Amino acid sequence: ETGDLQDTSRDLLLSIQNEITTRVKSSIGDWRDNEDVGSDLDDFVGEPNTSVTATALQDRVIESLVGLVNLADLRVRIVPVHRHKVLIAIGLQIMPTTENGLVAGDAITVSFLYDFFENNILVPRAELNKFNGRSL
């Protein structure tokens with residue numbers, strides 16, 4: 001809001017949301033200091049919006065988050081929303097601690113709208129959700 005960069009060092013939940021966003025929106029090689037970060041979703045430009053493509057997108061997103069999160073706590077869903085667009089919904093179960101103020105069943109959700117036609121990745125929301133034991 002002020003144009004300043006936001007310091008997330010004291011807000012670990014916001015930090016993990018930002019890191020997930022960075023990894024999904026980036027391509028391998030975008031980051032000089034960490035050339036392995038990225039999901040290369042641009043590889044899917046022009047692909048049909050099918051269940052096979054959705055599975056490949058899901059695998060690619062999960063692969064981009066290896067080493068960042070515990071994969072057992074991760075849920076990724078690909079939902080078609082238009083002929084050329086899918087919603088990529090990422091849910092991450094977080095262990096409650098006194099620092100993060102979470103309770104059992106809380107999770108972080110980060111969602112992206114991906115356009116196969118324009119190679120455009122929009123970030124409609126990133127928020128804390130209560131799953132109450134339901135998977136994403």
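**A walk through the core and its surroundings**

Hi everyone, let's start in the middle. The largest nonpolar core has 26 residues, and the ones that touch the most other members are Ile-20, Leu-41, Val-61, Ile-88, Ile-90, Phe-112 and Tyr-114. Which elements build this core? At least two residues come from each of these: helix H1, spanning 12–25, helix H2, spanning 51–65, and the strands S1 (74–80), S2 (85–93) and S3 (106–115). Please keep in mind that what you see here is a predicted model.

Now let me step back for the overall layout. The chain has 2 helices and 4 strands, and along the sequence they follow the pattern α-α-β-β-β-β. There are 136 residues in the chain, and 35% of them are buried. If we take the contacts with a separation of 6 or more, 45% are between residues 24 or more positions apart.

Let's pick one core member and look at its neighbours. What does Leu-41 touch, once we set aside residues up to four places away in sequence? The list is Val-24, Leu-57, Arg-60, Val-61, Ile-88, Tyr-114, Asn-119 and Ile-121. Two of those, Val-61 and Tyr-114, came up a moment ago among the residues that touch the most other core members.

Next, the loop between H1 and H2. Ser-27 sits in this loop. Is Ser-27 buried or exposed? Its relative accessibility is 17%, so Ser-27 counts as buried, since the cut-off for buried is under 20%. The side chain of Ser-27 makes a polar contact of 3.5 Å with the side chain of Asp-42. Leaving out residues up to four places away in sequence, Ser-27 touches Val-37, Gly-38, Ser-39, Asp-40 and Asp-42. One of these neighbours deserves a second look: Asp-40, which is in the loop between H1 and H2 as well. Asp-40 is not a glycine, and yet its phi is positive, at about 55 degrees.

On to helix H2. With 15 residues at 1.5 Å a residue, H2 should span 21 Å, and its end C-alpha atoms are indeed 21 Å apart, so the two agree. Which residues of H2 are buried? They are Thr-53, Ala-54, Leu-57, Val-61, Ser-64 and Leu-65. Looking down the axis of H2, you find its buried residues within an arc of 110 degrees, so they line one face of the helix. Ser-51, Val-52 and Glu-63 are exposed, on the other side of H2. And what covers the buried residues? The cover includes H1, S1 and S2. Just after H2 comes Gly-67, with a positive phi of about 90 degrees.

Let's move over to the strands. Gln-93 belongs to strand S2. Gln-93 has a relative accessible area of 32%, so this residue is partly exposed. In sequence, Gln-93 and Gly-105 are 12 residues apart, while their C-alpha atoms are 7.4 Å apart in space.

My last stop is the aromatic rings. How many aromatic pairs does a search of the whole structure find? The answer is 1. The partners are Tyr-114 and Phe-116, arranged edge-to-face, with 5.3 Å centre to centre and 85 degrees between the planes. Both of these residues are buried. That also takes us back to where we began, as Tyr-114 is listed with the residues that touch the most other members of the largest nonpolar core. Thanks for listening!

How values were computed:
Residues numbered from 1 in each chain as written. Predicted model: local features only at pLDDT ≥ 70, side-chain atom pairs only at ≥ 80, totals over all residues. Heavy atoms only, no water. Core = buried A, V, L, I, M, F, W, Y, C linked by side-chain atoms within 4.5 Å. Buried < 20%, exposed > 50% of the residue type's maximum accessible area, 1.4 Å probe, protein only. Contact = heavy atoms within 4.5 Å. Polar contact = N/O pair within 3.5 Å; in protein donor to acceptor, adjacent residues only side chain to side chain. Expected span 1.5 Å × (residues − 1). Arc of directions from axis to C-beta. Phe/Tyr/Trp six-rings, centres within 6.5 Å; stacked < 30°, edge-to-face > 60°.
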